[in-house]
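Here is a short, friendly tour of one chain, written to be read with the model open beside you. Take a moment to turn it around before reading on.

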Amino acid sequence: GERSKVQKGSKVESSALCMAGVLPKGRSGLQIRVLALYRSFLRAGGKLSAAEDRARYLQHVRERFRRDARAIPRSRVDHIEYVLRQGHKKLQLVQSSGFKRLA
């Protein structure tokens with residue numbers, strides 16, 4: 001039989017993961033979107049060819065997400081959404097075929 005497919009990052013997936021005990025209950029939709037963006041950046045970095053560039057890129061992504069997590073209060077939803085939009089634009093650049101490494 002055909003298994004139903006659940007879209008990654010969807011509310012259905014996150015609630016299924018919560019029931020399975022993978023994610024703690026109570027993650028907001030915004031938290032799920034931030035984590036999905038973070039994982040997308042990490043996956044994109046794994047596709048860089050040079051190991052040194054890949055390591056530098058992944059370190060930069062980790063540091064940037066940690067810095068923003070400390071700097072932006074959770075109550076500033078509007079600012080978090082703005083940074084998420086900027087992040088998605090940067091991710092598109094990283095995923096483009098012309099991206100080789102960080103400047």
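Is Arg64 buried, partly exposed or exposed? Arg64 is partly exposed, and its relative accessible area is 29%. Please keep in mind throughout that this is a predicted model.

**Overall layout**

Let's step back to the whole chain. Its secondary structure consists of 4 helices and 0 strands, and reading along the sequence gives the pattern α-α-α-α. Of the 103 residues, 23% count as buried. The chain exposes about 8,100 Å², with carbon and sulfur atoms supplying 53% of that area. Among the contacts with a separation of 6 or more, 57% are between residues 24 or more positions apart.

**Salt bridges**

The structure holds 3 salt bridges, listed here with their N to O distances.

| Basic residue | Acidic residue | Closest N to O distance |
|---|---|---|
| Arg33 | Glu81 | 3.9 Å |
| Arg64 | Asp68 | 3.2 Å |
| Arg76 | Asp78 | 3.5 Å |

The pair of Arg33 and Glu81 forms a salt bridge that links distant parts of the chain: Arg33 belongs to helix H2 (residues 29-45) and Glu81 to helix H4 (residues 77-95), 48 residues apart. Arg33 is partly exposed at 41% relative accessible area, and Glu81 also counts as partly exposed, at 29%.

The bridge between Arg64 and Asp68 lies within helix H3 (residues 51-71), where the two residues are 4 residues apart and therefore separated by about one helical turn. While Arg64 is partly exposed, Asp68 is buried, with a relative accessible area of 18%. Why does Asp68 count as buried? The cut-off for that class is under 20%, and Asp68 has 18%.

In the remaining entry of the table, Arg76 pairs with Asp78. Arg76 counts as partly exposed at 39% relative accessibility.

**Helix H3 and its two faces**

H3 deserves a look of its own. The helix has 21 residues and reaches 30 Å from its first C-alpha to its last, close to the 30 Å expected at 1.5 Å a residue.

Which residues of H3 are buried? They are Asp53, Tyr57, Leu58, Val61 and Asp68. These residues cover an arc of only 130 degrees around the axis, so they sit on the same side of H3. Against what do the buried residues of H3 pack? Their partners are H2 and H4. The face turned away from this buried side carries the exposed residues Ala51, Glu52, Arg70 and Ala71.

**The nonpolar core**

Now for the interior. The largest nonpolar core has 14 residues, and those with the most contacts inside it are Leu37, Phe41, Ala44, Tyr57, Leu91 and Val94. H2, H3 and H4 each supply at least two residues of this core, and the largest share, 5 residues, comes from H4.

Tyr57 ties these two topics together, being one of the buried residues of H3 and one of those with the most contacts inside the core. Which residues does Tyr57 contact, leaving aside its neighbours within four places in sequence? Tyr57 touches Phe41, Ala44, Gly45, Leu48, Val94, Phe99 and Leu102. Phe41, Ala44 and Val94, which are among these contacts, also appear among the core residues with the most contacts.

Conventions. Residues numbered from 1 in each chain as written. Predicted model: local features only at pLDDT ≥ 70, side-chain atom pairs only at ≥ 80, totals over all residues. Heavy atoms only, no water. Salt bridge = Lys/Arg side-chain N within 4 Å of Asp/Glu carboxyl O. Buried < 20%, exposed > 50% of the residue type's maximum accessible area, 1.4 Å probe, protein only. Expected span 1.5 Å × (residues − 1). Arc of directions from axis to C-beta. Contact = heavy atoms within 4.5 Å. Core = buried A, V, L, I, M, F, W, Y, C linked by side-chain atoms within 4.5 Å. Areas by Shrake-Rupley, 256 points an atom, 1.4 Å probe, with all protein chains shown as cover.
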